[in-house]
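Me: I am new to this structure and would like a close look at a single part of it. Could you take me through the salt bridges slowly, with the setting of each partner?

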Amino acid sequence: MSQLMIVSMLIFFGLSVPVAVSIGLASLAGVGASGLPWVVVAQQLFAALDKYPLVAIPFFILAGNLMEAGGISERMVEFAKSVVGGIQGGLACTCVLTCMIFAAVAGSSVATTFAVGAILIPAMIRHGYPAPFAASLQASAAELGVIIPPSIPMILYAVSTDTSTGELFIAGVMPGILIGVALMFYVWFYAKRNNLGKRDGEGRLPLWPAFKNAWLALLMPVIILGGIYGGIFTPTEASVVAVMYAVFVGKVIYRRLSFRQLSATLHKSVVSTAVIMFVIANAGIFSFLLNRAGIPDALGVWLSQIFDTKFTFLMGMNAALFVIGMFIETSASIVVLAPLLLPVALKFGVEPVHFGIIMVVNLALGMITPPFGVNLFAACAVAKLPLERLIKPLVPFVGVVIVCLLVITYWPGLSLGLRDLLYAK
């Protein structure tokens, strides 16, 4: 049964059937081959979605879209530019810093790409940066949207493995900062080497006026993350607070959010949510059948025979996840693979929260690598460029993130230090 499911899924992938549909059809083949009653399909579809933390996903998606429509992202850009825009290459650094701030609310890399890229990709091009470089930078920096909390992939990992969402969120802070700083260092070096960005400081506001214009926007991540870690509300409740705050600031304070824009934003958010939920539901059936067939235990035995140390296991997992992330959407990869791989990781002494951060950071690379990098397609749409023009400038960005991934993998304290402080056993 399991062989039929996996082969069927790969065949559907090869035929360019959408990922969620491929997983669902393979699951139906598995149900038919196993002789289970067909009512199991409906039961597992419902069971996969009947999880309270999943409520956060539509609200974080909506919050990110409301920030874009309500002018919040623009003020974040102006503030970030006032902080780092004065150095050579400052506009490129502004892109990274804005993505880090935006990520602390949105939880989605695609939302970050559109919201920040729509402002900064044209600005970088006007300042003389090559358009492919600007688009590649935006796609890479937007990856921070799923690493810095709150993060939709982290919620999916938590639900799939029964891990604490709050612990995963706090564990993603330092890895996200590491990747953000590394990207800023690279773009500063690139600007110096290619004699770019000398005029990036022109037109930027001084720090204090920029802060006064943006303080309500900057208060949003403080309220969300402060509320979560201060024990005021749960991550799921925080997603609702983020939406209400974005509506209030965009509609009442900034007066940028009209009822027509609100309707369009709701529609856009519903579509994005439906796509993710459809993946989760189909992956739930798939995981149920694999677990029933004993695949996790068999996989654990097989991997234990291949890898004899924690070091080699983590290296092998990173290599496999990197390739998988290139071809399979991040949400589907996490929902299907996390329940299978975590028991094996535990046998090698890998902490569940640490393994979750490794998975999320690694699979997030798939968002900026061909052929199915969603951030690349979003950045291409904003920059109006064909995908092939982004490949060459993208390679160094992928290299920077891979180096950071290795640091995150083999230095657990980077991820778990803050977690251990706030969640002392």
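Reply: Please keep in mind that this is a predicted model, and that the values below are computed from it. The count of salt bridges comes to four, and a good place to begin is the pair that involves helix H5.

In that pair, Arg256 forms a salt bridge with Glu74, and the closest N and O atoms are 2.8 Å apart. The two residues come from distant parts of the chain, 182 residues apart, since Arg256 sits in the loop between helix H13 (235-253) and helix H14 (259-292) while Glu74 belongs to helix H5. Arg256 has a relative accessibility of 32% and therefore counts as partly exposed, a class that runs between the 20% limit for buried and the 50% limit for exposed. Glu74, with a relative accessible area of 33%, is likewise partly exposed.

Helix H5, which spans residues 72-84, also packs against helix H12 (residues 207-229), with the axes 8 Å apart and an angle of about 130° between them. That angle makes H5 oblique to H12, and the crossing in which H5 passes H12 is left-handed.

The other part of the picture is a network of salt bridges that links Glu167, Glu351, Arg419 and Asp420. Within this network, the side chains of Glu351 and Arg419 meet at 3.2 Å, taken from N to O. Glu351 lies in the loop between helix H17 (330-347) and helix H18 (352-364), whereas Arg419 lies in helix H21 (residues 412-422), so this salt bridge ties together parts that are 68 residues apart in sequence. Arg419 also meets the side chain of Asp420 in a salt bridge, with an N to O distance of 2.8 Å.

The surroundings of these network residues can be described through their accessibility. Arg419 counts as buried, because its relative accessibility is 5% and the limit for that class is under 20%. Glu351, by contrast, is partly exposed with a relative accessible area of 27%, and Asp420 is partly exposed as well, with 41%. In the network, then, a buried arginine, Arg419, forms salt bridges with the partly exposed Glu351 and with the partly exposed Asp420.

How values were computed. Residues are numbered from 1 along each chain as its sequence is written. This is a predicted model: local features need pLDDT of at least 70, side-chain atom pairs count only at pLDDT 80 or more; totals for chains, interfaces and linings use all residues. Side-chain values use heavy atoms; hydrogens and water are left out. Axes are lines fitted to C-alpha atoms, for helices over the stretch in contact, and angles run from 0 to 180 degrees between N-to-C directions. Helices (H or I, at least four residues) and strands (E, at least two) are DSSP runs, numbered from the N terminus. Angles under 35 degrees count as roughly parallel, over 145 as roughly antiparallel, 65 to 115 as roughly perpendicular and the rest as oblique. A crossing is left-handed if the near helix is turned anticlockwise from the far one by less than a right angle, and right-handed if clockwise. Buried means under 20% relative accessible area, exposed over 50%, partly exposed in between (1.4 Å probe, protein chains only).
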